[in-house]
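Reader: I am new to this structure and would like a close look at one part of it, the sheet. Please go through how it is put together, and then turn to the empty spaces and a few single residues.

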Amino acid sequence: MSTYSAYLARINRVFDYIDAHLAEPLDLDTLATVAHFSPFHFHRLFKELTGETLAERVRRRRVEVAAGRLVALPDAAAARIAIETGFASPEVFTRAFRAYFGMTPTAWRRDGHARWAALRHETLSKIHQAESKKHQAALQAIREDGDMWPRGHVTANGGSPMHVEIKTFKDARVAYMRHVGPYGSAGISQMWRRFAAWCHEQGLIPPPRIMYGLCLDDPGVTPADKLRYDACIEIGDDFKPQGEIGVATVKGGRYACAMFAGTAAEIAGAWGRFVSGWLPDSGYAIDGEAIEVYGKDFKMDEKTGVFNCELCLRVRHT
């Protein structure tokens, strides 16, 4: 394992810690301890590996999470959301929010979030169009992987209406490998190849076990180059993190789930149809991450690259 991969694993732990402790003090000394670096070394390394300073990262995640809650919890006071996401006062929150989004929390709640999301999705759409050749190359590489993936005929369902089912999941302990960059990019397929190879080396597959694609950020809020996606596999309690492979928990709860059968290049569009088509009139609101569930019946069509999984949104009643 390279030094870069080892350092990146520590940075990923810091990312996860920030998201889980937004309401708490997130100073340099605290986060350097999480990363097991000296504060001086950590401060320099963080900027080199992530392209933003630690303070910028913390501030960005606080305003992004607050922005999501302002929309998901329309009856919650903005002042309460500000405190829950780590801002010292409503005034500090409003200044930080305006500096990042160019509008007040009130304007964001009214219609600003929709305009912002439209711009983010337009950017992602252009990225997807530009990556068509990379997707073809990634598909060809997967075809050359031999018995790495379960094979079988899968019929694409891109033109079919989405049938959504509400399910309850338990927490799942997983090992993960992380990709940072646009959702739906060919880089995610390339990362899945590396992760599958690692799973085989560790004897985790075969036989098949449940795997997950975990979307940790909201593409309607977070910049495309900062979006985090984890390829995950269920593990036992005795497994320990190693190298760039981290350990996390996929949270259980109530999920809205729809079957997907298509190619890696099509999955981002399916997510878009799910969120914009089904969610608005469903009586539910998003209450957490979006998850791709690759069950024990997962397989890939060797000729077409079509595969099957469930798209699952953690939701709550509105």
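Author: What follows describes the sheet, then the spaces, then two residues. The model is a predicted one.

The sheet is open and has 8 strands, in the order β1-β6-β8-β7-β3-β4-β2-β5, and the pairing is antiparallel. At its edges stand β1 (164-169) and β5 (246-250). Each of these has a single partner strand, so one side of each is left without a neighbour in the sheet. From one strand to the next, the twist averages 35°. Strands of a sheet pair through backbone hydrogen bonds, either parallel or antiparallel.

Strand β8 (residues 307-317) is a good place to look at the pairing in detail. In the strand order β8 stands between β6 and β7. With β7 (residues 284-294), strand β8 runs antiparallel, and 7 bridges join the two. Two of the residue pairs can be named. Isoleucine 286 has valine 315 in β8 as its bridge partner, and isoleucine 291 stands opposite cysteine 312 in β8. The pairing of β8 with β6 is also in the antiparallel sense, over 8 bridges. There, tyrosine 255 has arginine 314 of β8 as its bridge partner. Strand β8 is mostly covered, with 10 of its 11 residues buried.

A helix also packs on the sheet: α10 (residues 267-278) touches β1, β6 (253-262), β7 and β8. The direction of α10 makes about 30° with that of β8.

Next come the empty spaces. Rolling a probe the size of a water molecule over the atoms shows where empty space is left. A search of the whole structure for cavities of 30 Å³ or more finds 1. The largest cavity has a volume of about 30 Å³. Its lining is made up of Ala9, Asn12, Arg13, Tyr176, Glu244, Ile245 and Gly246. Helix α1 gives the largest share of that lining, 3 residues. By class, the lining of the largest cavity has 3 nonpolar, 2 polar and 2 charged residues.

The second largest pocket holds about 300 Å³ of space. It is lined by 17 residues, and Tyr4, Leu8, Leu49, His179 and Val180 are the closest to its centre. Two or more residues of this lining come from each of α1 (3-20), α3 (39-50), β2 (172-180) and α9 (186-201). The largest share, 5 residues, is that of α1. Divided by class, the lining of the second largest pocket has 6 nonpolar, 4 polar and 7 charged residues. Helix α1 thus gives the largest share of the lining both in the largest cavity and in the second largest pocket.

Two single residues remain. Methionine 103 lies in the loop between α6 (90-101) and α7 (105-130). Its relative accessible area is 11%, so methionine 103 counts as buried, the limit for that being under 20%. Leaving aside neighbours within four places in sequence, methionine 103 is in contact with Phe97, Arg98, Trp108 and Gly112. From methionine 103 to leucine 216, 113 residues apart in sequence, the C-alpha to C-alpha distance is 24 Å.

Threonine 33 is found in helix α2 (residues 28-35). With a relative accessible area of 55%, threonine 33 is exposed, since the term applies over 50%. The C-alpha atoms of threonine 33 and valine 14 are separated by 9.3 Å, and the two residues are 19 residues apart along the chain.

Methods
Residues numbered from 1 in each chain as written. Predicted model: local features only at pLDDT ≥ 70, side-chain atom pairs only at ≥ 80, totals over all residues. Heavy atoms only, no water. 1 Å grid on protein atoms, 1.4 Å probe; cavity = no way out; pocket = protein on both sides within 12 Å on 5 of 7 lines; lining within 4 Å. Points joined across faces, edges and corners; volume = space filled by probe spheres on them. Helix = DSSP H or I, 4+ residues; strand = E, 2+ residues; numbered from the N terminus. Nonpolar A, V, L, I, M, F, W, Y, C, P; charged D, E, K, R; others polar. Buried < 20%, exposed > 50% of the residue type's maximum accessible area, 1.4 Å probe, protein only. Pairing = 2+ DSSP bridges. Axes fitted to C-alpha atoms, helices over the stretch in contact; angles between N-to-C directions. Contact = heavy atoms within 4.5 Å.
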